[in-house]
Each structure stands twice: as C-alpha cells, then as structure tokens.
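Please open the model in your viewer and keep the selection tool at hand. The tour below proceeds stop by stop, and each stop names what to select.

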Amino acid sequence: MEDEIKSIVQEAKAAIAQSDAVSLSVTAAKFIGRKARLTQILRSIKEFSAPERQKAGSLANRARGEIEAALLQRKQELATSAQRSTMKRDTTLPGITPEIGHLSPVTIVTNQLIGALTELGFEIAHGPEAELEAYNFDYLNIMPNHPARDEWDTFWLRQGKDNKTSVLLRTHTSPVQIRYMLAHKPPLRIIAPGRTFRYEAEDATHASVFSQMEGLMVDKGISVAHLKAVIVHFVDRVLGEGNQVRFRPSFFPFTEPSFEVDVRFRDKWLELMGCGMVHPQVLRNVGIDPEEYSGFAFGVGIERLALLKYGINDVRLFLGGDMRFVKQF
Ligand code: PHE
C-alpha cells in the first residue's frame with residue numbers, strides 16, 4: 001500500500017504539471033475527488049488494525065496534502081501567465097501618451113484644392129509617376145529639340161527605342177491631361193494632384209521632388225473667362241479671400257495663350273502656377289477637333305501654395321522629415 005500511495009502522488013504531480021486552467025479541476029477530481037483511489041484508501045483506514053491505522057493514515061494524509069499543494073501552485077502559475085497575456089493587449093493602461101500623427105501641410109492644401117474644385121464638378125484623375133516620354137513631352141507639343149526639355153532637366157529611368165518606350169519620372173502633372181483625353185470624349189473636367197520630379201540644384205525655392213495639381217476643362221465655348229473664374233475661386237479658397245491675383249502673359253508649348261498666375265504676398269508678387277488655353281495642336285494630338293471644342297489647363301505648385309498659406313520660407317522643409325517643422329501644423 002505504501003508503494004501504491006507513492007505512485008499515486010507521482011502520477012498526480014505529473015498530471016497537474018500538464019494541466020491547463022480548464023483541465024486542472026478534472027485532474028483534481030481524479031486524484032483527490034470523492035471517487036479517487038486516495039480517497040478510498042483514506043476511507044478504508046478506519047478498518048485497519050490500530051498500529052497499521054496510524055502509519056497508513058499519516059502516509060495517506062501526507063500524500064493528499066502534497067497533491068493539494070501541487071494543485072494550488074499550478075493554479076497560481078496559470079493565473080499569473082493569463083494576467084500577463086491580457087496585459088499585453090490592455091490599451092487602456094495609463095502611462096506614455098501615444099503620439100498622434102496628422103496630415104502634412106502639402107496634404108492639407110491638396111485636400112483644400114480638391115474640395116474647391118470638386119464642388120465645381122471637376123473629377124479626380126491619376127497618372128503614373130514613371131511616365132512615357134511621349135505623354136510627358138511629345139503629345140504636349142514639346143518637340144524633341146524644344147528648349148523646355150532642357151529647362152526641365154529630367155530623371156530618365158529607361159532609354160527605349162522611341163518615345164513610347166522611353167520612361168522618365170514625370171516633370172509635371174500635364175501628361176495626365178493627355179492620358180485622360182485619349183481615353184475620354186469631351187466635355188471633360190478633371191484635376192490631377194500628384195508628385196513630380198525635376199533634376200534640380202536644390203535651394204529654398206527648388207526641390208527635386210514636389211507636388212502639382214493639374215486642372216483641365218474641355219467643352220464647347222470655353223474661354224479665358226472660365227479659366228480666370230476657376231483659378232480665382234480656388235486661390236481664394238486656399239489663401240482666403242481678398243488676395244490680389246494677377247495673370248501675366250507667358251509661354252508653354254501646350255497652351256495658347258499662356259499665363260503665369262501671381263499672388264500678392266507680403267508686398268511682393270509670387271508666382272503660383274502656369275496656365276492657359278489648351279493648344280489646338282494638343283487637342284488634335286488626342287483626337288479632339290479644336291474647331292468644335294476648346295479648353296483651359298493649369299498646373300499649380302502645391303508646395304508653393306503651402307509656402308504662401310503658412311508663411312514658410314524653404315521648400316526643402318516639406319520633405320526633410322524634421323519633427324520640429326512637421327509638428328507645427
Ligand atoms: N506643366 C506646367 C509646369 O509644370 C504648368 C502648366 C500646366 C502650364 C497646364 C499650362 C497649363 O510648369
């Protein structure tokens with residue numbers, strides 16, 4: 001009987017060590033419950049002869065005590081590990097305040113532009129940042145030897161066999177005009193915000209990576225009056241009403257006539273965007289009859305607008321990732 005009790009204790013300890021929170025009570029019943037072998041032994045002790053009774057009694061009671069202690073210890077172990085795993089998921093504990101992010105000034109201005117123009121019925125269009133040479137230049141009436149190609153020093157990604165296989169980082173958002181006009185018939189009213197790239201010697205007003213928003217409207221009877229109305233509307237929206245805006249004659253191969261739009265800022269005129277009436281040749285290039293339709297286009301520099309809006313003096317700050325700058329918005 002002594003051997004039997006010893007082996008019960010061993011078996012019980014092994015079973016307890018392998019039990020989890022759910023099976024622990026089953027293990028407990030098996031070894032110290034009403035129908036357990038040890039309980040039966042304890043019950044039968046009173047039938048033993050006096051000297052045997054004492055010995056067997058203390059043996060069996062000690063065994064029961066050991067098993068109970070093992071059960072208790074296991075129960076505590078399971079409780080602490082359960083607590084630890086729920087703590088990992090407790091997001092309500094007070095302590096370090098989490099850093100909450102916010103939109104960059106470029107995104108804020110982009111969203112304001114989108115808001116001001118979608119309410120006039122403009123839809124958002126997108127084009128790839130890695131663009132075909134043909135869409136970035138040729139379809140926009142910028143011929144191979146045109147000086148504009150030098151002016152916009154370009155990041156070439158692949159020199160293909162022709163302008164439909166050569167790929168570059170787009171130097172402006174104007175190729176989105178081409179893609180959209182090739183795929184849709186007028187009337188058209190789109191805006192195309194996005195990143196643009198030029199190989200620049202960077203300084204306070206020039207960055208190699210910057211953002212533009214293109215606008216294009218093509219319909220019957222569109223004139224410079226429509227162009228001016230739309231531009232004044234969104235400049236007012238972003239910079240607040242009452243700014244002086246001026247249209248200055250300019251040149252782009254893809255618009256005729258062309259203008260530069262300036263805004264009066266701190267007693268100086270600041271250049272904000274290029275724009276103009278879509279050149280008849282550009283319309284012809286995409287299969288739109290310039291006798292029937294006319295349109296306007298503009299390309300506004302978003303960082304430029306953000307500079308004005310927030311009084312920032314260096315465009316390089318936008319991509320610099322300096323938290324002292326970014327946290328001010
Ligand atoms: N694409 C021109 C630029 O990047 C801006 C522009 C767009 C001018 C549309 C006229 C019409 O400078």
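**First stop: an aromatic pair.** Begin by selecting F155, which counts as partly exposed because its relative accessibility is 26%, between the limits of 20% and 50%. Please note that the model is a predicted one. Next, add Y199, which is exposed because its relative accessible area is 55%, and exposed means over 50%.

The structure holds seven aromatic pairs, and F155 and Y199 form an edge-to-face pair. How far apart are the ring centres of F155 and Y199, and at what angle do their planes stand? The centres are 5.6 Å apart and the planes stand at 90 degrees, so the pair is edge-to-face; the cut-off for this class is over 60 degrees. The pair links distant parts of the chain, with F155 and Y199 44 residues apart. F155 belongs to the loop between α7 (148-151) and β3 (156-158), whereas Y199 belongs to the loop between β5 (188-197) and β6.

**Second stop: further rings.** Select F252 and F254, both of which are buried. Their ring centres lie 5.7 Å apart and their planes meet at 35 degrees, so this pair is tilted. Then select F234, F296 and F298 together, since these residues form one aromatic cluster.

**Third stop: charges over rings.** Select K228 and F247: K228 lies over the face of F247, at 5.2 Å from the ring centre. Move on to K309 and Y310, where the charged end of K309 sits over the ring of Y310, 5.8 Å from its centre.

**Fourth stop: the ligand.** Now select the ligand and display its surroundings. How many residues surround the ligand? There are 15, and the closest are H172, S174, R198, Q212 and G299. Examine the following contacts in turn:

- S174: a polar side-chain atom lies 2.9 Å from a nitrogen atom of the ligand.
- R198: an N or O atom of the side chain is 2.9 Å from an oxygen atom of the ligand.
- Q212: a polar side-chain atom is placed 2.9 Å from an oxygen atom of the ligand.

Taken alone, the ligand exposes 330 Å², of which the protein buries 94%.

Widen the selection to the strands β6 (209-219), β9 (268-278) and β10 (294-301), each of which supplies at least two residues of the shell around the ligand. Which of the elements gives the largest share of this shell? That element is β10, with three residues. Colouring the shell by residue type will show six nonpolar, seven polar and two charged residues.

**Fifth stop: the backbone.** Select P186 and P187, which are joined by a cis peptide bond with omega near 5 degrees. P187 is located in the loop between α8 (175-183) and β5. Another cis peptide bond joins E256 and P257, with omega about -5 degrees; P257 lies in strand β8 (residues 255-265).

Finally, select N141 in the loop between α6 (133-136) and α7. What is the sign of phi at N141, positive or negative? Phi is near 70 degrees, a positive value in a residue other than glycine. Is N141 buried or exposed? N141 is buried because its relative accessible area is 18%, and buried means under 20%.

Technical notes: Residues are numbered from 1 along each chain as its sequence is written. This is a predicted model: local features need pLDDT of at least 70, side-chain atom pairs count only at pLDDT 80 or more; totals for chains, interfaces and linings use all residues. Side-chain values use heavy atoms; hydrogens and water are left out. A residue is near a molecule or strand if one of its heavy atoms lies within 4 Å of it. A polar contact is a pair of N or O atoms within 3.5 Å; within protein, one must be able to donate a hydrogen and the other to accept it, and residues adjacent in sequence count only if both atoms are side-chain atoms. Accessible areas come from the Shrake-Rupley method with a 1.4 Å probe; for residues, only the protein chains shown count as cover. Helices (H or I, at least four residues) and strands (E, at least two) are DSSP runs, numbered from the N terminus. Ala, Val, Leu, Ile, Met, Phe, Trp, Tyr, Cys and Pro count as nonpolar, Asp, Glu, Lys and Arg as charged, and the others, Gly among them, as polar. Rings of Phe, Tyr and Trp (its six-membered ring) pair if their centres lie within 6.5 Å; planes under 30 degrees apart count as stacked, over 60 as edge-to-face and the rest as tilted. Buried means under 20% relative accessible area, exposed over 50%, partly exposed in between (1.4 Å probe, protein chains only). A charge sits over a ring if NZ of Lys or CZ of Arg is within 6 Å of the ring centre and within 35 degrees of the ring normal.
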